[in-house]
Amino acid sequence: MRIRRILAAVIATAALAGLGLTGAATATAGSATSPGSATPGECTDGGGTIDRSTPVLPTCRGGMYDGQTVD
């Protein structure tokens, strides 16, 4: 009887730990930006400026998103 309780506690702890890791991975994946592009707010908040002199799309210059297109 005692072994069943211990086993149930171990399984419950492992299941909850697994849910915590899954939630952390989801939060990380959801906050990532698409590669190669940033919003105007992300560019300026990241310390960059928007360069509108590029021929196709504006580009973020400087800061965290340097060289990425601004959409």
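# Reasoning about a predicted chain

Tutor: From the N terminus on, the elements of the protein chain follow the order α-β-α-β-β-β, and we should keep in mind that this is a predicted model.

Student: How many helices and strands does the secondary structure of the protein chain come to?

Tutor: There are 2 helices and 4 strands in the protein chain.

Student: Why is S37 called buried or exposed?

Tutor: The relative accessibility of S37 is 13%, and buried means under 20%, so S37 counts as buried. This residue lies in strand β1, which covers residues 37–38. Leaving aside neighbours within four places in sequence, S37 is in contact with Q68, T69 and D71.

Student: How do you know that C43 and C60 form a disulfide?

Tutor: A disulfide requires a pair of cysteine sulfur atoms within 2.5 Å; the sulfur atoms of C43 and C60 are 2.1 Å apart, and the pair forms a disulfide. The pair links distant parts of the chain, with C43 in helix α2 (residues 40–45) and C60 in strand β3 (residues 59–61), 17 residues apart. By this rule, the count of disulfides comes to 1.

Student: What makes the disulfide of C43 and C60 right-handed or left-handed?

Tutor: The torsion about the S-S bond of C43 and C60 is about 90°, and therefore the disulfide is right-handed.

Student: Why are C43 and C60 called buried?

Tutor: Set each value against the cut-off for buried, which is under 20% relative accessible area. C43 has a relative accessible area of 1%, so C43 is buried, and C60 has a relative accessible area of 0%, so C60 is buried as well.

Student: Which residues make up the largest nonpolar core?

Tutor: That core has 5 residues in all, namely A38, C43, C60, Y65 and V70. To belong to a nonpolar core, residues of the listed kinds must be buried and joined through side-chain atoms within 4.5 Å.

Student: What does C60 touch, not counting residues up to four places away in sequence?

Tutor: C60 touches C43, G48, T49, Y65, D66, G67, Q68 and V70 when those sequence neighbours are not counted.

Student: How many of the residues of the protein chain count as buried, as a percentage?

Tutor: Of its 71 residues, 13% count as buried. The accessible surface of the protein chain comes to about 5300 Å², and 66% of that surface belongs to carbon and sulfur atoms. Finally, among contacts between residues at least 6 apart in sequence, 29% join residues at least 24 apart.

How values were computed. Residues are numbered from 1 along each chain as its sequence is written. This is a predicted model: local features need pLDDT of at least 70, side-chain atom pairs count only at pLDDT 80 or more; totals for chains, interfaces and linings use all residues. Side-chain values use heavy atoms; hydrogens and water are left out. Buried means under 20% relative accessible area, exposed over 50%, partly exposed in between (1.4 Å probe, protein chains only). Contact means heavy atoms within 4.5 Å. Accessible areas come from the Shrake-Rupley method with a 1.4 Å probe; for residues, only the protein chains shown count as cover.
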